[in-house]
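Biologist: I am new to this structure, and I would love a close look at a single part. Please pick one and walk me through it slowly, then show me what else is worth finding.

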Amino acid sequence: MSVPFRNTSLLRRGGDLGRDKGRLDPEVPEGDAIILVVEKDQAELDRLSNLLEAWDYQVVRADDGKQALRMVRKAKPALVVTSLELSGLTGIELCEKIKNDEETAHIPCICVAFPEEIANAEIPTGLFTGECLHKPVSARLFKKHIKLAFKASRPKEPSPAVAGDGGVTEIDRYLEEYEQQKLKKQSKPGRKKAAKKKASKKTTKKKVTKQAAKKNQTARKKVLPVPVTPAPPLGPTGIDDILEEFGLKPSQKSVPSKQARPEPEYSVPRKQNRPRVEYSELDLARLDLQQMRGQESVNLPDPSDLYDESQAFVLDSIRKADRGEGPDVEAAGKLVGSLGASLDSSIDLLLKSTDRAQPFSLSNHCVNVAVFGMTMAKTSNFDDESLQKVGVAALLHEIGAVKLPQNLIYKEGGLNRNEVELLRQRPQQSADILRSLGPDYSWLVEIVSQVYERENGAGFPLGLPGNAIVEEAKILGVADIFEACIHVRPYRAAMTGYEALRQLTSDGVKLFSDRIVKSLMNSFTLYPYNEYVKLNSGEIGQVVEVNRHNLFRPVVRILYDRQGNRVQEMRTADLGENASLFISQAITVDALPQSR
């Protein structure tokens, strides 16, 4: 079974540089071509520059729009690669000035930016060569667009050489034109020396290219192309691992656990007197932030009470299903009303649901999906009735797990085909349990049975296309995957929220509606609550408040200084108000200094 969702460009990028250093691509100009790379993110600037240098280009770097414009006029690069968000001048303003200047109008421009930047920008037609590339662009796609840009900027000439043309290709013509431009700028003595040097090179090159052409023709007849082995995914966790949990990626392997697997929580009696959870440091940071901004100080509600009550409801519903009884949907409705009111008044529930240290259990998974799904539904302006349906369906969408073997949900390691097939029966089993409630709850049966259906028809159990899936199920389908991405499982580490959102919004196979994925992005931004991030200052912090007006600039509580030492005084940095600070990367809890 093929994988229906795989962002190969993101998962391959670590091995691109090493492979491409050893390749020779005769269609790409090498040696003399100057390319200007304009990018304010130093890590991305280094990555793109290293790729270009590995392909034998001369690279000029700039991190400011005005600085880049001066370099264009001075260096006259053959190509400009720019992002959209720059200081001084935006990427669009920079390229407009380049195109409006007669001396630089011929220089092609390529745009490499985040999808949300491209979506929100008004890009004039024809300003950039080809389509705008999404960060982080794969080496293969980047090289392809460079070749297209050079080809598009070249004057129209006869097609590449045929026999008798001396083996001269369009790339040879481009190099010759580029050398002629350099000769015009040299002094007269310099021109003579350069001309002699060029003539000797040209004579040698013609002999070599004729011999190479004959060898290539013979080689093509005898040697088959050698397949290139793709680079392995970066890190232990990717979107494929997440999909495997939901039965969307069958695996041939089954890794036995060396440790005793925990029993499913619905078989363990719930303790009646659970200790109350103390206020976390994030709660205190939130209160401190309110006081700094002069907001009215309010008593912080303990999110554990409502969260634990919701968990208890999920467990009780699973136990009832095990006895052949239906869940109490009215009680679920009251809980969902309380959850909605809590989400309206504070971010405490979101902080609780996005806690990266949260251990995996079926009940907290369902409650997290309810919180995420209701947040997305509010962002999408669902009416009260639809919002209620989303919350109730989220709490009950895994009730069919009671029909699965005891240890399957908590299994460590990969899943074999039989186990995948069992997982794929889960939505139908949940729907069968809820169907016993009668026709009044047919809407609940419909939503729960469609949570794992996908926009392109690659889901299960019925393989419905997007126009046949109800909106509430679409919301929960995305929330379910996102919740699984950012939380740890017994057999894998968690992904960062940034990476999860990047992969879910990639240009791979379309599993979800663009509109629904956009509501996820608008609800959590690129750096969700509790995300660990590293700033350009070297400090490491945790997101305590998102900025819905700027996806890249949340409020961050500083945890470690630039030397990696735990800070003594609690302080927050509002990146929306501090232009000199920005996030250089999102990191997992394992990458924190104390975990090394």
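Modeller: Happy to! Two strands count as paired if DSSP finds at least two bridges between them, and strands (E, at least two residues) and helices (H or I, at least four residues) are DSSP runs numbered from the N terminus. This is a predicted model, in which local features need pLDDT of at least 70 and side-chain atom pairs count only at pLDDT 80 or more, while totals for chains, interfaces and linings use all residues. Residues are numbered from 1 along each chain as its sequence is written, and side-chain values use heavy atoms, leaving out hydrogens and water.

Let us look at the sheet. Its five strands run in the order 9-8-7-6-10, with antiparallel pairing, and the sheet is open. Strand 9 (572-574) and strand 10 (583-587) are the edge strands, each pairing on one side only. On average, neighbouring strands here are turned by 40° against each other, direction ignored, with axes fitted as lines to C-alpha atoms and angles running from 0 to 180 degrees between N-to-C directions.

Now zoom in on one edge. Strand 8 (residues 555-560) pairs with strand 9 in the antiparallel sense over three bridges. Across this pairing, Val556 stands opposite Ala573 in strand 9.

For a next stop, try Leu444. Leaving aside neighbours within four places in sequence, Leu444 is in contact (heavy atoms within 4.5 Å) with Val329, Val392, Ala393, Leu396 and Leu434.
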